[in-house]
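Reader: Could you walk me through reading a few side-chain features in a protein model?
Author: Happily; let's have it in front of us.

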Amino acid sequence: MNFTRKSGVLLHPTSLPGTDGIGTIGKAAFEFIDWLKKAGQSLWQILPLGPTGYGDSPYASFSTFAGNPLLIDLDLLCQRGWALKKDIKAPSYISKTGNVDFGSVVWWKIPVLKACAKYFLQNASQDDLLLYKTFCKEKSFWLEPYAVFMSIKEFYDKKAQEEKPLDSRWCYYWPKELASCQKEALLKWEKENKEEIEVLKVIQFFFDVQWNALKEYANQNGIKIIGDIPIFVAPDSADVWANQKLFMLDENGRPLCVAGVPPDYFSAEGQLWGNPLYDWQAMKNDGYSWWVKRIKRIFELTDVLRIDHFRGFEAFWSVPANEKTAINGKWIKGPGVDLFKTIKKKCGDLPVIAEDLGVITDEVKALRDECGFPGMKVLQFAFSVEEAKEHGMVNYFLPHMYDTSNCIVYTGTHDNDTLQGWLMNLKEEQLVLVASYITGKTLSAEKALSLVKTGELRKLMIKTVMASNAVFAVIPFQDVAGVGNEGRMNTPSTTGTNWTWRAEKKAFTDLRAKELSELSYLYGRNLG
């Protein structure tokens with residue numbers, strides 16, 4: 001894998017402005033690519049693209065293969081003759097501005113998309129119908145189980161709203177014959193719900209057509225898209241339901257143990273993610289075919305891949321399913337390099353970024369390096385007052401400590417506060433440490449705070465990241481625009497307000513593009 005020196009911006013499509021309720025992959029997404037080009041950037045990093053489930057998190061998707069229907073642009077459907085303008089009008093409670101209200105958006109947009117899908121099936125041209133049939137054939141491995149799973153789920157979710165069971169997930173609430181994928185029961189369900197299943201497939205076709213057009217436009221303009229997948233998949237997903245033999249489940253499809261991480265920087269109790277764990281021996285016996293297909297799919301959609309929680313391939317934190325926190329877990333060995341040798345054999349050399357944050361051992365580093373994957377550096381993690389007092393400025397997240405250019409540097413990630421929000425909330429001693437390092441001068445607390453309030457320290461931190469020897473430098477758009485902590489995308493181990501932030505259209509200024517372009521030119525990130 002040959003990574004060349006580049007820079008770019010992290011911004012999930014849901015955060016794009018201008019459309020009803022939520023950002024889409026329509027006009028604003030194309031305009032963002034134009035802005036990136038003007039800004040001299042060649043990378044656009046996104047979060048996972050799947051249909052969001054629990055907590056609206058892109059890391060808890062109903063399918064790791066499918067696209068998020070909420071990202072589909074309704075105006076583009078009309079332009080192609082696949083929907084009528086009168087059918088896509090948003091109600092008054094859906095706004096084009098402000099943060100995403102996922103509940104309201106889902107309530108409004110999913111029925112609209114279903115109506116559009118029915119219109120498509122009845123009115124599309126023969127050429128368009130042929131495109132759809134080809135899509136269904138080529139994607140049948142994941143499309144069939146996804147559409148069937150979602151049709152069953154929608155039925156039993158509605159039933160659960162009336163009966164209020166303790167747990168309405170498929171492995172707790174569906175009839176045994178459907179939960180266990182018994183052939184006769186599934187055939188009967190598919191026959192009785194043929195139209196609904198077909199509609200769900202058409203919606204995925206809409207997403208694929210629109211995303212492929214956007215990716216092609218990005219690539220034509222010199223922009224590569226960095227995709228993202230979590231190592232684990234959601235318990236309430238077609239992935240687990242349709243592949244139960246590949247997961248550590250009991251006879252009813254319920255997890256025996258679940259994934260998480262031990263206590264760390266983000267949480268004193270660790271993070272209890274709740275994802276079912278893979279049966280790696282069963283996957284190996286199957287030639288890791290599910291993983292190979294998963295990787296092939298993400299590279300259909302993106303150009304570079306970031307794998308979240310890479311350390312789980314070396315060893316993963318296994319927590320008994322009945323635990324309330326992640327504290328009482330244990331490390332269990334993962335598949336290691338064997339998985340990636342198989343993927344390389346089936347897929348060739350692929351540009352993969354290893355998210356190697358958190359508790360990282362020498363064994364994890366060795367796996368990352370044996371695979372040849374660049375790891376991650378996060379500037380916000382670099383400034384420990386205690387470490388500085390004891391050892392000086394030797395934290396390995398500091399740019400002058402990078403021992404290789406084979407890494408990706410960020411000012412912060414989707415799990416961090418925004419850079420401006422973080423700076424505004426630092427204690428005085430740490431703020432002075434940050435400001436002194438970034439400016440190269442010993443500053444007073446008053447002067448450091450002044451640099452924060454004017455936005456100058458934030459800009460200098462972006463400059464520091466761009467100037468580093470890391471092969472990629474990626475800046476969240478919130479940091480480019482100077483958004484405060486109201487723009488934070490996610491606070492780990494919490495639910496309710498995460499993933500909702502949307503940019504304002506006025507934030508994409510020519511001046512900000514010019515500032516980024518100048519940095520890319522000065523530090524050789526515009527040549528790849």
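Author: We will go through ring pairs, charges over rings, a buried acid, backbone angles and residue contacts. Please keep in mind that this is a predicted model.

Reader: Let's start with the rings. How many aromatic pairs does the structure hold?

Author: There are 52 aromatic pairs. To read one, look at the distance between ring centres and the angle between planes; from 30 to 60 degrees, a pair counts as tilted. Take Phe 149 and Trp 241: their centres are 5.7 Å apart and the planes make an angle of 45°, a tilted pair.

Reader: Which parts of the chain does the pair of Phe 149 and Trp 241 tie together?

Author: Phe 149 belongs to helix 5 (residues 140-163) and Trp 241 to helix 10 (residues 238-241), so the pair links parts that are 92 residues apart in sequence. Phe 149 has 0% relative accessibility and therefore counts as buried. Trp 241 is buried as well, at 3%. For a second case, look at Trp 280 and Tyr 288: the centres are 6.4 Å apart and the planes stand at 55°, so this pair is tilted. Both of these residues are buried.

Reader: And what should I look for when a charge meets a ring?

Author: Look for the charged end lying over the ring face, and read its distance from the ring centre. Here, Arg 311 lies over the face of Trp 331, 4.0 Å from the ring centre. Another case is Lys 365, whose charged end sits over the ring of Tyr 396 at 5.9 Å from the centre.

Reader: Now for the acid. Where is Asp 73 placed, and which side chain of opposite charge is nearest to Asp 73?

Author: Asp 73 is in the loop between strand 2 (43-45) and helix 2 (74-79). The nearest side chain of opposite charge is Lys 109, 6.4 Å away. A salt bridge needs a distance within 4 Å, and Asp 73, though buried, has none. What its side chain does make is a polar contact with the side chain of Thr 24, at 2.7 Å. Beyond its neighbours within four places in sequence, Asp 73 is in contact with residues including Thr 19, Ile 25, Gly 26, Lys 27 and Gln 210.

Reader: That loop interests me. What does Asn 68 touch?

Author: Asn 68 also lies in the loop between strand 2 and helix 2, and its relative accessible area of 4% makes it buried. Setting aside neighbours within four places in sequence, its contacts are Leu 49, Gly 50, Pro 51, Thr 52 and Phe 207.

Reader: On to the backbone. Which phi value does Lys 164 have, and is Lys 164 buried or exposed?

Author: Lys 164 has a positive phi of about 50°, although it is not a glycine. It is found in the loop between helix 5 and helix 6 (170-173) and is exposed, at 65% relative accessible area. Tyr 288, from our second ring pair, is not a glycine either and has a positive phi of about 55°. Tyr 288 sits in the loop between helix 11 (280-285) and helix 12 (289-301), and at 4% relative accessibility it counts as buried.

Reader: One last residue: what surrounds Leu 516?

Author: Leu 516 lies in helix 21 (residues 510-522) and is buried, at 4% relative accessibility. Not counting residues up to four places away in sequence, it touches Val 9, Trp 35, Ala 39, Gln 41, Met 466 and Val 480.

Methods. Residues numbered from 1 in each chain as written. Predicted model: local features only at pLDDT ≥ 70, side-chain atom pairs only at ≥ 80, totals over all residues. Heavy atoms only, no water. Phe/Tyr/Trp six-rings, centres within 6.5 Å; stacked < 30°, edge-to-face > 60°. Helix = DSSP H or I, 4+ residues; strand = E, 2+ residues; numbered from the N terminus. Buried < 20%, exposed > 50% of the residue type's maximum accessible area, 1.4 Å probe, protein only. Lys NZ or Arg CZ within 6 Å of the ring centre and 35° of its normal. Lys, Arg positive; Asp, Glu negative; His and termini not counted. Polar contact = N/O pair within 3.5 Å; in protein donor to acceptor, adjacent residues only side chain to side chain. Contact = heavy atoms within 4.5 Å.
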